[in-house]
Amino acid sequence: MDKQVEFLEKALENSKLKYSRQRKYMFKLVKLYKYPIVVLSALSTIALGLQFEGHPEFIEWQKNIALVITAVVTLLTTLLTFWNLEEYWLHNKVIEQQLELLQQKFEFEKAKGLDQKAIDKIFSEFNSVVGQQNTYWKNALDDRVDGNGE
């Protein structure tokens with residue numbers, strides 16, 4: 001039983017660390033797309049809203065600059081949506097929090113004195129939490145296949 005307890009401790013810690021790293025990485029990617037989208041959208045609005053009285057030659061420049069900025073915003077938004085980075089980031093965050101709670105439950109049960117039934121229950125919950133990632137990707141792939149008409 002000691003080996004099972006040790007295995008469960010390591011599995012919880014390693015999984016929590018893995019999902020924490022993934023969450024942080026995905027959050028960096030979300031920020032990498034979201035912040036430029038916000039800034040570029042504001043710049044596009046400013047470029048279209050400026051009025052240069054007595055300088056009609058600037059109107060053409062304004063339109064062209066706004067067009068390029070808007071095209072970049074559209075590209076970034078499309079990529080962010082296509083890769084579904086925000087949902088994946090949140091999914092990893094939820095799993096990380098569930099693992100944290102499960103680890104606390106494990107430590108509490110361990111302090112009380114673990115029996116085989118408690119170990120089996122916690123291990124089953126652990127597999128369920130970690131299995132969410134597999135379910136997520138399976139559903140994502142199924143949606144892609146269904147969406148392509150294959």
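These notes walk through a predicted model, helix by helix and contact by contact.

1. **Helix H3.** Start with helix H3, which covers residues 85–112. Its 28 residues, at 1.5 Å a residue, should span 40 Å. The C-alpha atoms at its ends are 41 Å apart, so expectation and model agree.

2. **Buried residues in H3.** Which residues of H3 are buried? The list includes the aromatic residues Tyr 88, Trp 89 and Phe 106. Leu 85, Ile 95, Leu 99 and Leu 102 are also on it. So are His 91, Asn 92, Glu 96, Gln 103 and Glu 109.

3. **The two edges of H3.** Look at the backbone on either side of this helix. Asn 84 sits in the loop between helix H2 (57–83) and H3. Its phi is positive, about 55°, although Asn 84 is not a glycine. Most residues other than glycine have a negative phi. Asn 84 counts as partly exposed, because its relative accessibility is 31%. At the other edge, Gly 113 comes just after H3 and takes a positive phi of about 110°.

4. **Salt bridges, and one that links H1 to H3.** How many salt bridges does the structure hold? There are eight. Side chains of opposite charge can pair when their charged atoms come close. One of the eight joins the side chains of Glu 9 and Lys 110, at 2.2 Å from N to O. This pair links distant parts of the chain: Glu 9 belongs to helix H1 and Lys 110 to helix H3, 101 residues apart. Glu 9 has a relative accessible area of 26%, so it is partly exposed. Lys 110 is partly exposed too, with a value of 35%.

5. **A salt bridge inside H3.** Glu 109 pairs with Lys 112. Their closest N and O atoms are 3.6 Å apart. Both residues lie in helix H3, three residues apart, or about one turn of the helix. Are Glu 109 and Lys 112 buried or exposed? Glu 109 has a relative accessibility of 19%, so it counts as buried; the cut-off is under 20%. Lys 112 is exposed, with a relative accessible area of 55%.

6. **A salt bridge inside H4, and its network.** Helix H4 covers residues 116–147. Here the side chains of Lys 121 and Glu 125 meet in a salt bridge, 3.9 Å from N to O. Why are Lys 121 and Glu 125 separated by about one helical turn? They are four residues apart in H4. Lys 121 counts as partly exposed at 49% relative accessibility. Glu 125 counts as partly exposed at 25%. Salt bridges that share partners join Lys 105, Lys 121 and Glu 125 into one network.

7. **A positive patch.** Now turn to the surface. Arg 21, Lys 24, Lys 28 and Lys 31 gather there in a patch of positive charge. Take Lys 31 as an example. This residue is found in helix H1, residues 2–49. Its relative accessible area is 31%, so Lys 31 is partly exposed. Patch residues need over 30%, so Lys 31 meets that cut-off.

8. **A nonpolar patch.** A second surface patch is nonpolar, with an area of about 770 Å². Which residues make this nonpolar surface patch? They are Val 39, Leu 43, Ile 46, Leu 50, Phe 52, Phe 58, Trp 61 and Ile 65. H1 and H2 each supply at least two of the residues. Leu 43 lies in helix H1. With a relative accessible area of 41%, Leu 43 is partly exposed.

9. **Two residues of H2.** Phe 82 and Leu 80 both have their place in helix H2. Phe 82 counts as partly exposed, at 48% relative accessibility. Leu 80 is buried, with a relative accessible area of 9%.

10. **Distances from these two residues.** Phe 82 and Glu 60 are 22 residues apart along the chain, and their C-alpha atoms are separated by 33 Å. Leu 80 and Val 129 are 49 residues apart in sequence. In space, their C-alpha atoms are 26 Å apart.

Key. Residues numbered from 1 in each chain as written. Predicted model: local features only at pLDDT ≥ 70, side-chain atom pairs only at ≥ 80, totals over all residues. Heavy atoms only, no water. Patch = residues over 30% accessible without salt bridge, like charges linked within 9 Å, V, L, I, M, F, W, Y side chains within 5 Å. Areas by Shrake-Rupley, 256 points an atom, 1.4 Å probe, with all protein chains shown as cover. Salt bridge = Lys/Arg side-chain N within 4 Å of Asp/Glu carboxyl O. Lys, Arg positive; Asp, Glu negative; His and termini not counted. Charge placed at Lys NZ, Arg CZ, Asp CG, Glu CD. Buried < 20%, exposed > 50% of the residue type's maximum accessible area, 1.4 Å probe, protein only. Expected span 1.5 Å × (residues − 1).
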